[in-house]
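Let's take a walk through this protein, one piece at a time. Keep the structure open beside you and find each part as it comes up.

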Amino acid sequence: MSRAVNFSWLDQPAQDGARRTEFTWTGAIGTGAAIASALRGWEHLRYEVTEEPTGASDGGRWMHTPDLGVFYAQTDVTGNMVVPEDRVRYAMEVAGSNALELHRELRLALGQAWDDELEPFRHAAEGNPVVWLHRVG
């Protein structure tokens with residue numbers, strides 16, 4: 001069952017003229033991917049979508065910035081990003097014996113550039129209200 005949601009939009013102090021909102025949602029497995037997909041066409045937005053893991057599925061985190069595009073990572077039960085074994089092996093292969101290159105590849109695999117760009121916008125949110133959404137039925 002879906003229903004309309006109204007958000008309280010506030011000024012975003014991290015960027016002049018920008019607005020912000022936050023909400024917490026509860027839904028079926030896969031809702032996070034659906035939300036991130038729906039927002040994907042709005043290239044001027046910065047957003048994060050987090051789907052918590054359940055007993056039946058892993059969680060996920062989607063981050064988007066206008067400059068970097070979309071980043072996705074699977075998350076574990078404690079909210080840590082999971083970097084697949086093949087991605088770690090790729091990073092090691094690309095880096096060879098170059099420790100700085102390995103560090104760069106692992107930062108990329110963890111979405112560090114997205115975190116770095118979004119962090120000022122997260123701190124600007126302190127004290128702002130959160131809208132709680134719950135799935136009924």
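## Rings that gather

Phe7, Trp9 and Phe23 come together as one aromatic cluster. Bear in mind that this is a predicted model. It holds 4 aromatic pairs. In one of them, the ring centres of phenylalanine 7 and phenylalanine 23 are 5.0 Å apart with planes at 35°, so this pair is tilted. Phenylalanine 7 sits in the segment before β1 (10-11) and phenylalanine 23 in strand β3 (residues 23-24), so the pair ties together parts that are 16 residues apart in sequence. Are these two rings tucked away? Phenylalanine 7 has a relative accessibility of 31%, so it counts as partly exposed. Phenylalanine 23, at 30%, also counts as partly exposed.

Now look at phenylalanine 71 and tryptophan 114: their ring centres are 5.1 Å apart and their planes are at 35°, so this pair is tilted. It links distant parts of the chain, with phenylalanine 71 in strand β6 and tryptophan 114 in helix α4, 43 residues apart. Both phenylalanine 71 and tryptophan 114 are buried.## Strand β4 and its two faces

Next up is strand β4, which covers residues 47-51. Here's a handy rule: in a regular strand, side chains alternate between the two faces of the sheet. You can see the pattern along β4, where Tyr47, Val49 and Glu51 point to one face and are buried. Glu48 and Thr50 point to the other face and are not buried.

Which strand does β4 pair with over 5 bridges? That's β5, and the two run in the antiparallel sense. Within this pairing, tyrosine 47 has histidine 64 as its bridge partner, while glutamate 51 is partnered by glycine 60.

## A closer look at glutamate 51

Why does glutamate 51 count as buried? Its relative accessible area is 9%, and the cut-off for buried is under 20%. What does its side chain reach at 3.1 Å? That would be the backbone nitrogen of glycine 30. The backbone nitrogen of threonine 31 is also there, 3.2 Å from a polar atom of the glutamate 51 side chain.

Glutamate 51 has plenty of other company to look for. Leaving aside neighbours within four places in sequence, its contacts include Trp25, Ala28, Gly59, Trp62 and Thr75.

## Just past the strand

Proline 53 is in the loop between β4 and β5 (59-65). Along the chain, proline 53 and aspartate 76 are 23 residues apart, but in space their C-alpha atoms are 6.6 Å apart. If you skip residues up to four places away in sequence, proline 53 touches Asp58, Gly59, Thr75, Asp76 and Val77.

## Strand β5, covered on both sides

Now follow the chain into β5. Here 7 of the 7 residues are buried, so the strand is largely enclosed by the rest of the structure. Which residues lie on each side? Gly59, Arg61, Met63 and Thr65 are on one face, with Gly60, Trp62 and His64 on the other, and all of them are buried.

β5 also pairs with strand β6 (residues 69-75), in the antiparallel sense and over 7 bridges. Arginine 61 stands opposite alanine 73 of β6. How many residues separate β5 and β6 in their hairpin? There are 3 between them.

## Helix α4

Helix α4 takes in residues 112-123, which makes 12 residues. From its first C-alpha to its last it reaches 16 Å, close to the 16 Å expected at 1.5 Å a residue.

Which residues of α4 are buried? They are Trp114, Asp115, Glu117, Leu118 and Phe121. A general point helps when you look at them: an α-helix has 3.6 residues a turn, so residues three or four places apart point the same way. The cover over the buried residues of α4 includes β2 (19-20), β4, β5, β6 and α3 (99-109).

## How far to trust the model

The mean pLDDT of the protein chain is 86, and 88% of its residues reach 70 or more. Where does pLDDT stay under 50? It does so over residues 129-137, for which the model has 20 contacts beyond four places in sequence. Where pLDDT is low, the predicted coordinates should not be read in detail.

Notes
Residues are numbered from 1 along each chain as its sequence is written. This is a predicted model: local features need pLDDT of at least 70, side-chain atom pairs count only at pLDDT 80 or more; totals for chains, interfaces and linings use all residues. Side-chain values use heavy atoms; hydrogens and water are left out. Helices (H or I, at least four residues) and strands (E, at least two) are DSSP runs, numbered from the N terminus. Buried means under 20% relative accessible area, exposed over 50%, partly exposed in between (1.4 Å probe, protein chains only). A polar contact is a pair of N or O atoms within 3.5 Å; within protein, one must be able to donate a hydrogen and the other to accept it, and residues adjacent in sequence count only if both atoms are side-chain atoms. Contact means heavy atoms within 4.5 Å. Two strands pair if DSSP finds at least two bridges between them. pLDDT is the predictor's confidence in each residue, from 0 to 100. The expected span of a helix is 1.5 Å times one less than its number of residues. Rings of Phe, Tyr and Trp (its six-membered ring) pair if their centres lie within 6.5 Å; planes under 30 degrees apart count as stacked, over 60 as edge-to-face and the rest as tilted.
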